[in-house]
Amino acid sequence: MSPSTPVPVLTIDGPSGSGKGTVSRLVAEHLGWRLLDSGALYRAVGYAAGMEGLDLSDAEAVTRCAQHVKIRFQAAPDGGETHVLVNGHDATDELRTETAGAAASAIASIPSVRAALVDLQLGFRKAPGLVADGRDMGTVIFPDAPYKVFLTASAAERAKRRYKQLKAKGLSVTLSGLQREIEARDARDASRTVAPLKPADDAVLVDSTGMDIEAVVAKVLAVLQPHPAA
């Protein structure tokens, strides 16, 4: 890849619980590319704000938190879930709760918070390539990405997946409650005025309902086949 050739980016956007995190990690491992979990950044800011006792509706305070928080991704030695360190604390488990997800969705609607995190996200674009997982990766952060996927699944399917994940962590949740939360978050994310959740015009739609993870990964990798990266 010559210095003038842009570092290739594969964006994987989609709603909560669509499997973006797992699929993105496996695709990045397969390609040997870097990984950006943008959702974790917003969850991390929400978590940091909570630790500081901030009101999430206080845009100025949350923005200051977003500008100063220290977030670091750390690969798991066993190849498992990537760990997220927030201000030096391993907050991986806390960031995967529904509470953290709701906080992330709330602060993601604040324009100044999104602006504070843009440069941080752009900094992940380094050789040999980047898999960017989020909700506006292909529409806002990396609109010039040569490869774009919009990964989705039915709300019922996503609720089942999240239910299994959270129960495995020993958390008390209900399937019906999770589905209601997911549907409410979908509506909120799709209707927000700043970077609403929607597929990029040039994204490939992948519906993972009823598919196992290996099949989804294969379908995403196939998006790169017609135009291999330099």
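**Figure 1. P128 sits in the loop between α6 and β6.** The peptide bond leading into this proline, from A127 to P128, is cis, with omega near 5°. Helices here are DSSP runs of H or I with at least four residues, strands are E runs of at least two, and both are numbered from the N terminus. Keep in mind that this is a predicted model, so local features need pLDDT of at least 70, side-chain atom pairs count only at pLDDT 80 or more, and totals for chains, interfaces and linings use all residues. Residues are numbered from 1 along each chain as its sequence is written, and side-chain values use heavy atoms, with hydrogens and water left out.

**Figure 2. Just past that loop, the parallel sheet: five strands in the order β2-β6-β1-β7-β8.** The sheet is open, and its pairing is parallel. Its edge strands are β2 (34–37) and β8 (204–207), each pairing on one side only. Two strands count as paired if DSSP finds at least two bridges between them. From one strand to the next, the twist averages 20°. Zoom in on β1 (residues 9–13) and β6 (residues 130–134), and you find five bridges joining the two in the parallel sense. T11 is the residue facing A132 in β6.

**Figure 3. Helix α1 lies across the parallel sheet, touching β1, β2, β6 and β7.** This helix covers residues 20–31, and it runs at about 180° to β6. Contact means heavy atoms within 4.5 Å. For the angles, axes are lines fitted to C-alpha atoms (for helices, over the stretch in contact), and values run from 0 to 180 degrees between N-to-C directions.

**Figure 4. Helix α2 meets strands of both sheets: β2 and β6, plus β3, β4 and β5.** Spanning residues 38–51, α2 runs at about 45° to β2. Against β3, the angle of α2 is about 130°.

**Figure 5. The other sheet is open and antiparallel, with its three strands in the order β3-β4-β5.** β3 and β5 (89–90) are the edges with a single partner strand each, so one side of each has no neighbour in the sheet. Four bridges join β3 to β4 (residues 83–86), and F73 stands opposite V84 in β4. Look in the loop between β4 and β5 for N87: its phi is positive, about 50°, although N87 is not a glycine. A word of caution on β3 (residues 71–74): confidence in the chain is lowest there, at a mean of 83, while β1 has the highest, at 98. The score is pLDDT, the predictor's confidence in each residue, from 0 to 100.

**Figure 6. Helices α3 and α6 pack at an angle of about 10°, their axes 8 Å apart.** That makes α3 roughly parallel to α6; angles under 35 degrees count as roughly parallel, over 145 as roughly antiparallel, 65 to 115 as roughly perpendicular and the rest as oblique. A59, V62, T63, A66 and Q67 of α3 make the contact with S112, V113, A116 and L117 of α6. By type, the contact has six nonpolar residues, three polar and no charged. Here Ala, Val, Leu, Ile, Met, Phe, Trp, Tyr, Cys and Pro count as nonpolar, Asp, Glu, Lys and Arg as charged, and the others, Gly among them, as polar.

**Figure 7. Stepping back, the chain holds ten helices and eight strands.** Its C-alpha atoms fill a box of roughly 45 × 40 × 40 Å along the principal axes. Across the chain pLDDT averages 89, and 95% of the residues score at least 70.
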